[in-house]
Amino acid sequence: MKVVFLLFDSLNKAALNCYGGTRIDTPNFDRLAAKSVRFDRHYVGSMPCMPARRDMHTGRLNFLHRSWGPLEPFDKSFVKQLRNAGTYTHLVTDHFHYFYEGGGTYHTQYSSWDFVRGQEGDRWKAMVEPPMDRFEQLYHPHQTSPEDERFVPHMVNRETIKTEADFPLAQCMARGFEFLEGNRDKNNWFLQLECFDPHEPFFAPERFRKDFPTDYDGPILDWPRYSRVDESAAEIDELRANYAALVAMCDEYFGKVLDYFDEHDMWKDTTLVVSTDHGYLLGEHDWWAKNRMPFYNEIANIPLFIAHPDHADQAGSVRTGLTQTMDLMPTFLDLFNQPVPDTVEGRSLLPLLAADGPNHEAVLYGIFGGATNITDGRYTYFRYPVDVHEQEIYEYTLMPTHQRSHFSAETLAQSKLTEGFGFTKGMPTLQIPARKAPDGRVFGQGLIEDTTTVLYDLEMDPGQTNPIEAPEVVARLERQMVELMQRNEAPVESYPRLGLAP
C-alpha cells in the first residue's frame, strides 16, 4: 500500500465549491470530489492545531486531559507503529509548531522529515534590529504589536519572500513531488504532505489576490485577531478577501498533486486522503478565527476526502455517517493491515468507502478548559462549565510543556504524581493545576469567551443562529456525552465541572 495524506490547516469547508461554497473558485477540490468519497459529517475532536494532530496520531481524544502539548511516552502513534512494522513514513511540512516545546515529539515518529521554514511566527530569519518604523507603516496596527511574539518574526520572514516559488506552500508541494519522484514506484510508504495554509496570516501572491477586490485602502491587513468582530466593513472585506486568495492558491497548488496522480496513474495503487485540522470563522457569529468562542460548524465540521484504488467505483459519492479526526488513525493502520491498539477510540473509515452507513452515534469535541461539545449529526450541544471562573481542572501529562514554553516552576511545584489511566498502560502521570487568568478562566489556547450552554437543531437551523429549548434532546445528548467521557476515561473532576453525574 502507498498513501498520500494531504493535510491543510484552518480550511473552512464552506470555502469549497464541492461543499456548497460560491465565493471562491476551487476547481481542483471539485476534481478531488469527483475522484474520491466525500465525507459530509466529519468533525474535529481536540482543538486546536497540535491537540488535533495528537488525535490523528493516537486515535483518541485528548482535550479532556490536556491542553496543547506533545505526544506523550504512553501515546500510541500510528506513524511510529507503521515505521516499526517496516512502512517508510515521511513528513513534509511548513507547520513550525512541530518544532516548538509543545510539538517536539511528533515529527520524530516518522522515518524522515522535511521542514519548510518561514510560516507565521517561525523564528527563522535573523535580524538584530528590525525596521520597526517601516513595519508599523506597512502593516495594520492589529498585526504589529510587540506583545505578540509572532508578529516580528513574520514581518522579518516576509521580507525574504520575493517570488511565488519562495512561498512556503509552493516549497511544500515541491518537496512532496521530490519524495514522489524518488519513491512513487516503490511500495509500502506513507507520505504526509502538510501545508500550514490557509492558516493566518492570509498572505498569497498578487495574482490570486487580484480576483477579490475590496474598497479597503490601508496598510497590510491579513491577520485576524482571535476576538469579536469590531473592524469596519472595509476591513472585514479585506480580511475575507485575503483568506479567499489564499484558499485559491491552495486549490491551484493542490491541483498539481492531482495532475501528478493523473500523469503517473497513481490512482491505481495509491490512496489519497485530504483533510484539515479544523475550520475557521471569518466574521460569522460575530467572531474571528477559533478557540475562544463556541465551536460552531464553521470550525467543527471539516472537509474529508478519501480516494482508494479498490473503491474507484465509489468515486464522486458522499457519506453522511458521523466521522471524526480520531478516525484517521485506525483508517491508516487498516490501510496497511496493521492491528489497532486497544487504546483507540476512533473507527476505521474503510468500511464506509464501500457504502454509506452509520459510524459514530455521537462525537465529542472541544478545547481544554472550554465547553465539552457533542453532536449526533442532527443536533449540536455546547455544554459549558457550571462556573467558567471557578472550575477544578488539571493537566495530566509526563511532558509538561505549553505551546512555546515549559510549565513554570511555580506551576510544577503544585503538581503531584497520580496513578494514571488505562490508556497510559501502567505509567503514572503528573496532575498539574491548569493555567488560569486572574479572573479564573482557563488558558486553553486563548481565554474562553461567550460561555452559554446552548442546543442547535442543524436540520432546521444549519447556520446555528437560533438556539432551541428541547429538554428531552438535551437529556439524551447529556447521557451520550457522559458515555463518551467514560469511554475516554475523563478525569473524575470533569463531570462536576460540567454539572454532570458520571
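Where in the chain does Q119 lie? Q119 sits in the loop between β6 (112-115) and α4 (132-138). The views below come from a predicted model.

**View 1. Q119 is a buried loop residue.** The relative accessible area of Q119 is 6%. That is under the 20% cut-off, so Q119 counts as buried. Its loop runs between β6 and α4.

**View 2. The side chain of Q119 makes polar contacts with D94 and D197.** The side chain of Q119 meets the side chain of D94 at 2.9 Å. It also makes a polar contact with the side chain of D197, at 3.3 Å. Leaving aside residues up to four places away in sequence, Q119 touches D94, F96, P168, F196 and D197.

**View 3. Strand β8 is mostly covered.** β8 spans residues 270-276. Seven of its seven residues are buried. In a regular strand, side chains alternate between the two faces of the sheet. Which residues of β8 are buried on each side? T270, L272, V274 and T276 are buried on one side. T271, V273 and S275 are buried on the other. Both faces of β8 are thus covered.

**View 4. Strand β1 pairs with β8.** β1 covers residues 2-8. The two strands run parallel, and seven bridges join them. Within this pairing, V3 stands opposite T271 in β8.

**View 5. Strand β11 also pairs with β8.** β11 covers residues 304-307. Here the pairing is antiparallel, over four bridges. V273 of β8 stands opposite I306 in β11. V273 is buried.

Note on methods
Residues are numbered from 1 along each chain as its sequence is written. This is a predicted model: local features need pLDDT of at least 70, side-chain atom pairs count only at pLDDT 80 or more; totals for chains, interfaces and linings use all residues. Side-chain values use heavy atoms; hydrogens and water are left out. Buried means under 20% relative accessible area, exposed over 50%, partly exposed in between (1.4 Å probe, protein chains only). Two strands pair if DSSP finds at least two bridges between them. A polar contact is a pair of N or O atoms within 3.5 Å; within protein, one must be able to donate a hydrogen and the other to accept it, and residues adjacent in sequence count only if both atoms are side-chain atoms. Contact means heavy atoms within 4.5 Å.
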